[in-house]
Amino acid sequence: MAQMLEAVKFDGSAPPPVRLAVPEDEDALFHLCTYMHGDVAMFPMSPRKVREELRVGILRQRSMIGVVDSPERKPVGMAWLCQCDGDWYTDAVSIGERFVFVHPEHRRGTTHAHDLLAWTRWISASLGYPLMI
């Protein structure tokens, strides 16, 4: 159970526009996180921590990141999922949605947000664990 997200193989049966993040995406994903933080954050941002957490997700160590690209193959949206090994009252395993975000310049006229949300549901169904939003 503890390694469930690491075991997911991206075999092409997920929604096609979504791919798994790779190490080369780190800077672009960091930029997306920084932009989103400016819009919705309640606490100060720690760039060090954001990069550390991104690397965990990119390497699929108890979290994973799905990415949608612009036509120029630049990440413009992301869905970040984490493995949850129970809550205060249970040992039941679930998948937690950290966030789904699409850069505002890439929202209109695209299905990026829909594709990312469909991808999160696909991961949940593939693994057989509920998705907690």
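# First questions about this fold

Me: How much of the chain, out of 133 residues, is buried?
Reply: This is a predicted model, in which local features need pLDDT of at least 70, side-chain atom pairs count only at pLDDT 80 or more, and totals for chains, interfaces and linings use all residues. Residues are numbered from 1 along each chain as its sequence is written, and side-chain values use heavy atoms, leaving out hydrogens and water. Buried means under 20% relative accessible area, exposed over 50%, and partly exposed in between (1.4 Å probe, protein chains only). Of the 133 residues in the chain, the buried share is 43%.

Me: In what order do the elements run from the N terminus on?
Reply: Helices (H or I, at least four residues) and strands (E, at least two) are DSSP runs, numbered from the N terminus. The chain has 4 helices and 5 strands. Reading from the N terminus, they run α-β-α-α-β-β-β-α-β.

Me: Where in the chain is confidence lowest?
Reply: The score here is pLDDT, the predictor's confidence in each residue, from 0 to 100. Its mean for the chain is 89, with 88% of residues at 70 or more. Where pLDDT is low, the predicted coordinates should not be read in detail. H3 has the highest confidence, at 97, while the lowest, at a mean of 54, is in helix H1.

Me: Which strands are the edge strands of the sheet?
Reply: Two strands pair if DSSP finds at least two bridges between them. The 5 strands make an open sheet with mixed pairing, in the order E1-E2-E3-E4-E5. Each edge strand pairs on one side only, and these are strand E1 (19-20) and strand E5 (131-132).

Me: Which residue in E3 is the bridge partner of Val-68?
Reply: Strand E2 (residues 63-69) pairs with strand E3 (residues 75-87) over 7 bridges, in the antiparallel sense. Across from Val-68, the bridge partner in E3 is Gly-77.

Me: At what angle does helix H4 run to E4?
Reply: Axes are lines fitted to C-alpha atoms, for helices over the stretch in contact (heavy atoms within 4.5 Å), and angles run from 0 to 180 degrees between N-to-C directions. Helix H3 (residues 47-58) lies across E2, E3 and strand E4 (90-102), at about 90° to E2. Helix H4 (residues 112-127) lies across E1, E2, E3, E4 and E5, and its angle to E4 is about 165°.

Me: Which element gives the largest share of the largest nonpolar core?
Reply: A nonpolar core is a set of buried Ala, Val, Leu, Ile, Met, Phe, Trp, Tyr and Cys residues joined through side-chain atoms within 4.5 Å. The largest one has 16 residues, and those with the most contacts inside it include Leu-29, Met-78 and Trp-80. Helix H2 (26-40), H3, E2, E3 and E4 each supply at least two of its residues. The largest share, 5 residues, comes from H2.

Me: Is His-112 buried or exposed?
Reply: His-112 sits in helix H4. Not counting residues up to four places away in sequence, His-112 touches Val-68, Asp-69, Val-76, Val-102 and His-106. Its relative accessible area is 12%, so His-112 is buried.

Me: What is the relative accessible area of Asp-25?
Reply: Asp-25 has its place in the loop between E1 and H2. Leaving aside neighbours within four places in sequence, Asp-25 is in contact with Arg-19, Leu-20, Val-67 and Pro-75. Asp-25 counts as buried because its relative accessible area is 6%.
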